[in-house]
Protein chains: 2
Amino acid sequence: MDFKYETAVTLAQVAEAAGVGESTVSRVLRNHGSFSGKTRDRVMAAVERLGYVPNRIAGTLASAGSRLVAFVVPSLSNIVFADVLRGASSTLEQNQHQAVFAVTDYDPAREEALVASMLAWRPAAVMLAGYEHTQGTVRMLRAASCRIVELLDIDGVALDLAVGFSNHDAGCRSAHYLLQRHYGRIGYVGHDLERDTRAGKRYAGFCETLSAGGSPLVDREIHAGASSVENGRLGLERLLTRSPDLDAVYFSNDDMALGGYFHCLARGISIPSQLAIFGYNGLDIGRVTPQPFSTIRTPRVATGQVAAQLVVENAPAQVVDLGFELIEGATA
Amino acid sequence: MDFKYETAVTLAQVAEAAGVGESTVSRVLRNHGSFSGKTRDRVMAAVERLGYVPNRIAGTLASAGSRLVAFVVPSLSNIVFADVLRGASSTLEQNQHQAVFAVTDYDPAREEALVASMLAWRPAAVMLAGYEHTQGTVRMLRAASCRIVELLDIDGVALDLAVGFSNHDAGCRSAHYLLQRHYGRIGYVGHDLERDTRAGKRYAGFCETLSAGGSPLVDREIHAGASSVENGRLGLERLLTRSPDLDAVYFSNDDMALGGYFHCLARGISIPSQLAIFGYNGLDIGRVTPQPFSTIRTPRVATGQVAAQLVVENAPAQVVDLGFELIEGATA
DNA sequence: TACAAAAATGACAGCGCTACCATAATCTAC
DNA sequence: GTAGATTATGGTAGCGCTGTCATTTTTGTA
């Protein structure tokens, strides 16, 4: 079995076997237009007997309207995008749409190349993370006759549809919370803010609010690479080496925060009395740690669902703010 | 901007604009067949000027050979499948292939429905998790003229290609390790073994080896739902309530083990002197915990890469064993 | 210069389906 | 029973490409 060559059954063969015309088979299969019950039974019997599987490539070409939805996401290992995809994929599936995806690794140039490659499939919609795209990406998307959905960010001007929440506000709320709890010497541990622009917006909002509250950020440690538990741990270690007198640290997300948490556990730093930790994302794991995380829970699955829903119903251009929820955990 | 209707530029229009025939444009764009440098420049200029994006739907239909690869995976939230997808997607992309996916939620009936829907796209290959499929799924796949790749499991008979490692052996090795370290009263905490058949195979191998070694499994706690950190924590708690004198616990994977680890931290159970913990997967997070995890590291990204490679080069049917690595951590 | 071989090119028939139109069969109301 | 709807059905022209083949142009060689 090196390569199987049986030419696939075609609609024409089904039509012949059922003794009806091609268009009748097509109508029956799509349950569209009118046909008698007797005809339907004959067609379905032939379909069953021949093991016919409709060719959607041909169907899409003939009908112009595509049922593909293209996702161009920064990462799959990041649970955030996996959750969005999961939310979207069930909704899409229920509406006979199909998800296609590509991973950019947070590289705008790759995003551009991948969007180009995706558009070649003439998708019904292209889903992207956030607002920051190259000029080329924007130009291509604008020229394409498909819906554009920007996800997980609404701090900016949408190209078409946008579903998510304000990262800037999330940063502000986090800062407010810490100030309100009387933490005064606050630091930040994060990952590449240039690439993950949503994290950058949170950071900006966070710093603004701290400054406005009279307790500007004391120190920060930014890891050049991607966010990870390990980088969170290393980041906190370095930060505390430089600034041992911090009383709270804001992390770019819960993965990083978990690393910080582990660092504290390993060094016997008691949380939150010696050091408070605040994260972002509301990962499940943060609810199971000995001390539940103080963090912001984001509507990731819902973002995917809503985005998919808007696409299948071809909703007018709009920005949907799904908000977020601040979780008062035990770490800050 | 409710719906954009600009009819897309077609190859015929490019041909006209460049003053050449359609086939010439096609040849230039695919860099296949012969054409002069002058012609190439004229064509590329026209492509640029008109903003032409080739229509792969039409291309695929015309050339029969599809460049789609369909993934039907149990879950996206499970980092295991996200890693496989990530590994595969970069390799596929380099070879001008495109990944399409659908999520089964570990439901074989859904798998069958999704495979049917995937086959309608006439993919070059269908990638599935493991060997356990419904009869209908197998029949459809056999009838389809595409490659079939079963991932992350080689304990069984492959339909075509299979890439992964032996889960049964992984269970055996884990048991050996614990026995060798003189743990005698061993328990198990896991999730639904019927659905996650790979976890079931590990469990079986584990138990066999323990019995053969004279220290059969003392007790087990199996959570009906999916694996998660939270269920790991709850599972260990229940297990220890029933069997407080265990000295080691094997978890169905690192997520569950992490939950167990947190339970021990919270209850002040010292690891590994009071209780040893052994996991499975080799997640990054297990390397950053205050005590690195004793676990088995699986080649998830490599599985995706190899699977994709075999598909793009249309390799003959075979089973590729990528093995796994036992990590001697500090928890067992 | 002549002639074969190689390179470059265009015309056109599909790929398998859907959309549209024309026709045939059946039904309705008087 | 008949005109006028209504429902059912088949024929066929594309959708936008690719692959084949025939034709034209260029190149190489004696």
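# A viewer tour: DNA strands, shared sheet and chain contacts

Begin by selecting DNA strand C: 26 residues surround it, and the closest are Leu11(A), Ala62(A), Gly21(B), Ser23(B) and Ser34(B). Now colour by secondary structure. Two or more residues of this surface come from each of helix H1 (11–18), helix H2 (22–30) and helix H4 (56–63) in chain A, and from each of helix H2 (22–30) and helix H4 (56–63) in chain B. Highlight H4(A), which gives the most to the surface near DNA strand C, with five residues. If you colour by residue class, that surface shows 10 nonpolar, 13 polar and three charged residues. Keep in mind as you go that this is a predicted model.

**Next, DNA strand D.** Select DNA strand D and look for its closest residues: Gly21(A), Ser23(A), Ser34(A), Leu11(B) and Ala62(B), out of 26 that surround the strand. Here H2 and H4 of chain A and H2 and H4 of chain B each supply at least two residues. Which element gives the most to this surface? Click on H4(B), which contributes five residues. By class, the surface near DNA strand D has 10 nonpolar, 13 polar and three charged residues.

**Chain A by confidence and domain.** Colour chain A by pLDDT. The mean is 93, and 98% of the residues of chain A reach 70 or more. Then pick residues 1–6 of chain A, where pLDDT stays under 50 and the model has eight contacts beyond four places in sequence. For the domains, make three selections in chain A: 11–54 for domain 1, 65–165 plus 300–322 for domain 2, and 167–297 for domain 3. Taken over C-alpha atoms, the centres of domain 1 and domain 3 of chain A are 61 Å apart.

**The sheet.** Now show the strands of both chains. An open sheet of 12 strands with mixed pairing runs in the order S11(A)-S5(A)-S4(A)-S3(A)-S1(A)-S2(A)-S2(B)-S1(B)-S3(B)-S4(B)-S5(B)-S11(B). Its edges are strand S11 (319–321) of chain A and strand S11 (318–321) of chain B, each of which pairs on one side only. Stepping from one strand to the next, you will find a twist that averages 20 degrees.

Zoom in where the chains meet within the sheet. Strand S2 (98–103) of chain A and S2(B) run antiparallel and are joined by three bridges. Pick Phe101(A) here: its bridge partner in S2(B) is Ala99(B).

Moving along in chain B, select strand S3 (125–129) and strand S4 (147–151). Do these two strands of chain B run parallel or antiparallel? They run parallel, joined by five bridges. For one pair to label, Leu128(B) has Glu150(B) as its bridge partner in S4(B).

Then add helix H12 (300–312) of chain B. H12(B) lies across strand S1 (68–73), S3, S4, strand S5 (161–164) and S11 of chain B, and runs at about 160 degrees to S5(B).

**Last stop, chain against chain.** Select the contacts between the chains: 56 residues of chain B touch 56 residues of chain A. On the chain B side, at least two residues come from each of H4, helix H5 (79–94), strand S2 (98–103), helix H6 (108–119), helix H10 (229–242) and helix H11 (254–267). H5(B) has the largest share, with seven residues. Colour this side by class and you will see 32 nonpolar, 11 polar and 13 charged residues.

Terms used
Residues are numbered from 1 along each chain as its sequence is written. Chains are lettered from A and ligands numbered from 1 in the order in which they are written. This is a predicted model: local features need pLDDT of at least 70, side-chain atom pairs count only at pLDDT 80 or more; totals for chains, interfaces and linings use all residues. pLDDT is the predictor's confidence in each residue, from 0 to 100. Two residues are in contact if their C-beta atoms, placed from the backbone, lie within 7 Å. A residue is near a molecule or strand if its C-beta atom, placed from the backbone, lies within 6 Å of it. Helices (H or I, at least four residues) and strands (E, at least two) are DSSP runs, numbered from the N terminus. Ala, Val, Leu, Ile, Met, Phe, Trp, Tyr, Cys and Pro count as nonpolar, Asp, Glu, Lys and Arg as charged, and the others, Gly among them, as polar. Domain bounds come from an automatic or database domain assignment. Two strands pair if DSSP finds at least two bridges between them. Axes are lines fitted to C-alpha atoms, for helices over the stretch in contact, and angles run from 0 to 180 degrees between N-to-C directions.
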